[in-house]
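Open the model in your viewer and keep the sequence panel visible. This tour goes from one selection to the next.

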Amino acid sequence: MSKDTSVLLDEKRVFKANYRIVEEAHVKNWEAEIEKGQDLEKYWSEKAEQFEWFEKWDKVLDESKKPFYKWFTNGKINLSYNAVDRWVFTDKRNKVAILYANENGEERKLTYYELYREVNKMANALKNLGIKKGDTVSMYLPMCPELLISMLACTRIGALHSVVYSGLSVGAFVERMNDSNAKVLITADGTYRRGKIIDLKKIADEALLQCSTIEAVVVVQHAGNPITISELSGREIFYDTLIDGESDECPVEEMDAEDPLFLLYTSGSTGKPKGVLHTTAGYMVGVATTLKNVFDIHDGDLWWCTGDIGWITGHSYAIYGPLLLGTTTMIYEGAPDYPDPGAWWKIVEKYGVTKLYTAPTAIRHLMRYGSKHPNLYNLSSLKILGSVGEPMNPEAWMWLYKNVGKEKTPIMDTWWQTETGMHMIAPLPISPLKPGTPTLPLPGIDADVVDENGDPVAPGKGGYLVIKKPWPAMFRTLYKDEKRYIDVYWNKIPGGVYHAGDIARKDEDGYIWIQGRSDDVLNIAGHRVGTSEVESAFVSHPAVVECAVIGKSDPIKGQVIKSFIILKEGYQLNTKLIENLQKHVRYELGPVAVLGEIQQVDKLPKTRSGKIMRRILRAQEEGEDLGDTSTLED
């Protein structure tokens, strides 16, 4: 791959760090922190000292059975204790831990002490249902406090939680519950979405007909949706009834550092979903360290990660990261543009959100409504913005920077995965920023761009993104599929490096630019072109709000680019606009951008975490089987 020419976006804008942010920053010297990170064991050992351990580890990193790495071996700790109990005996006892709001304007607040009591009650209730250390509890719940409470209750008693996103279909739900051997399911009567109530209980009832391992079903009465007593009523119980009368004290389970923490399923392009297994101590250390440093979390912050808890972003940075740091985490149930496209900005103004972490797909969606809505609200409380999920087009970056951050608020564009558990490539608040890149590997992370032989490629050349050394929050295996774990992630590139599955390039400053998934790279007349670069070129045109591109077979060029575009309000795709777009993209990318068909669409196939599923577009175009579609939004 290093021999191929990668298209370079002509993105030269650099934004220096805001001096006020630098003054507050936990990390004030990037080079010094990078230097510290060179000694992996010393660096992560120091980060682990912030937690309360029942027993300290005897070895920071055990590499004896690569790639099955172990961190903080023989250490004893509990995540729930460190996220909740630890603050109850400090001046944060009455600080708001969880601030829940929904699209109907309803809200609920739980202080750390109130959260402590609720978690203990639920932990005792789960024990009474027969759940013990090592068992799995499945959750099919909306973004509501009971979901956080249930997850923390599981970690308190040593049970694994396996959260299934509340928008998944019956088939996908069944597959995940059966694979995880879940013993208890916690669900709800419904969830709010765009003024409607989605009946989760009905979906759960249908799924349970195919799930033989479930022994009890706990139902949260959340949305006021009338619950039909199903044929399974003999093993059902309401959440409030279950915890009624339970003690608000529950002994905490001393967990080994490497004890399993949770299972989370992520889709493969083909085959069954992958059960990503994370363990206790390394995950804790990784998510807390990265959230603290990347978003510069302080006591006075109101943190809002918009990612759904059904995905890794919600696990790491809506729940565990902020609670491990003793901050207030905002949990919002609703769409970003309901009841109007100012919904999120209204929340920021009303509660004084200081740090906002969201997805490029949400920003591009809100861009189509123009700058009117963010300008209606006072967003001056915001200090740092962030992005996660897929490459952020420079135009979306600039829109967010100008219209939401008012050109004062840095954007922490982060690259990481379900498998990595934590941020891997991201700026710090002190970093110079370039729109469209997550900048540099974080301290303690050794990431590089290499060719198929594992050799680093020259600046500007496309290659495979790899991680060369282990990191604490790394997943330990794919559940019940160690062979797939080794084959997919560790045997693709020589040298025992982690193969991320992304194509990237480095610029002259060492900044890493993510070009797309390796199976999304286009091959046009021998030139390898990243999908994100072509899409960014389209989105930089004033008529286009979002775009997905695929390669279409061509007898001469090998492939040409087919584009699916969503236009801003007031535009229609006609002959003149097509010619205009073709000229614009060729101007941005050069003659290698050989455009075939341009098709206007109302929506693009996406996962519910916001990633565009280009393989679905390719399969539809070629008349092929769509493969695993369980995580598709629609």
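What follows is a set of stops in a predicted model.

**Stop 1: a residue in the first helix**

Select residues 19–24, helix α1, and pick out Arg20 within α1. Is Arg20 buried or exposed? Arg20 has 52% relative accessibility, so it counts as exposed, the cut-off being over 50%. Now add Ser381 to the selection. Arg20 and Ser381 are separated by 361 residues in sequence. In space, their C-alpha atoms are 14 Å apart.

**Stop 2: helix α10**

Move to residues 280–294, which form helix α10. Colour α10 by accessibility. The helix is mostly covered, with 14 of its 15 residues buried. Next, check its length. At 1.5 Å a residue, the 15 residues of α10 should span 21 Å. The C-alpha atoms at its two ends are 21 Å apart, so the expected span and the model agree. Then step past the helix to Asp296, which follows α10. Its phi is positive, near 50°.

**Stop 3: two packed helices**

Select α13 (residues 360–367) together with α14 (residues 394–404). How far apart are their axes? The axes of α13 and α14 are 10 Å apart, and the helices pack at an angle of about 70°. That angle makes α13 roughly perpendicular to α14. Show side chains at the contact. From α13, display Ile363, Arg364, Leu366 and Met367. From α14, display Glu395, Ala396, Trp399 and Leu400. Of these contact residues, six are nonpolar, two are charged and none is polar.

**Stop 4: a four-stranded sheet**

Now find the open sheet, whose four strands come in the order β21-β22-β24-β25. Their pairing is antiparallel. Which strands lie at the edges? They are β21 (447–450) and β25 (512–517), each pairing on one side only. Look along the sheet: neighbouring strands are turned by 45° against each other on average, direction ignored.

Zoom in on β21 and β22 (residues 463–467). Four bridges join this antiparallel pair. To see one bridge partnership, select Ala447 and its partner in β22, Ile467.

**Stop 5: a helix across the sheet**

Keep the sheet on screen and add residues 531–539, helix α16. Helix α16 lies across β24 (498–506) and β25. Against β25, the helix runs at about 100°.

Key
Residues numbered from 1 in each chain as written. Predicted model: local features only at pLDDT ≥ 70, side-chain atom pairs only at ≥ 80, totals over all residues. Heavy atoms only, no water. Axes fitted to C-alpha atoms, helices over the stretch in contact; angles between N-to-C directions. Parallel < 35°, antiparallel > 145°, perpendicular 65-115°, else oblique. Contact = heavy atoms within 4.5 Å. Nonpolar A, V, L, I, M, F, W, Y, C, P; charged D, E, K, R; others polar. Buried < 20%, exposed > 50% of the residue type's maximum accessible area, 1.4 Å probe, protein only. Pairing = 2+ DSSP bridges. Expected span 1.5 Å × (residues − 1).
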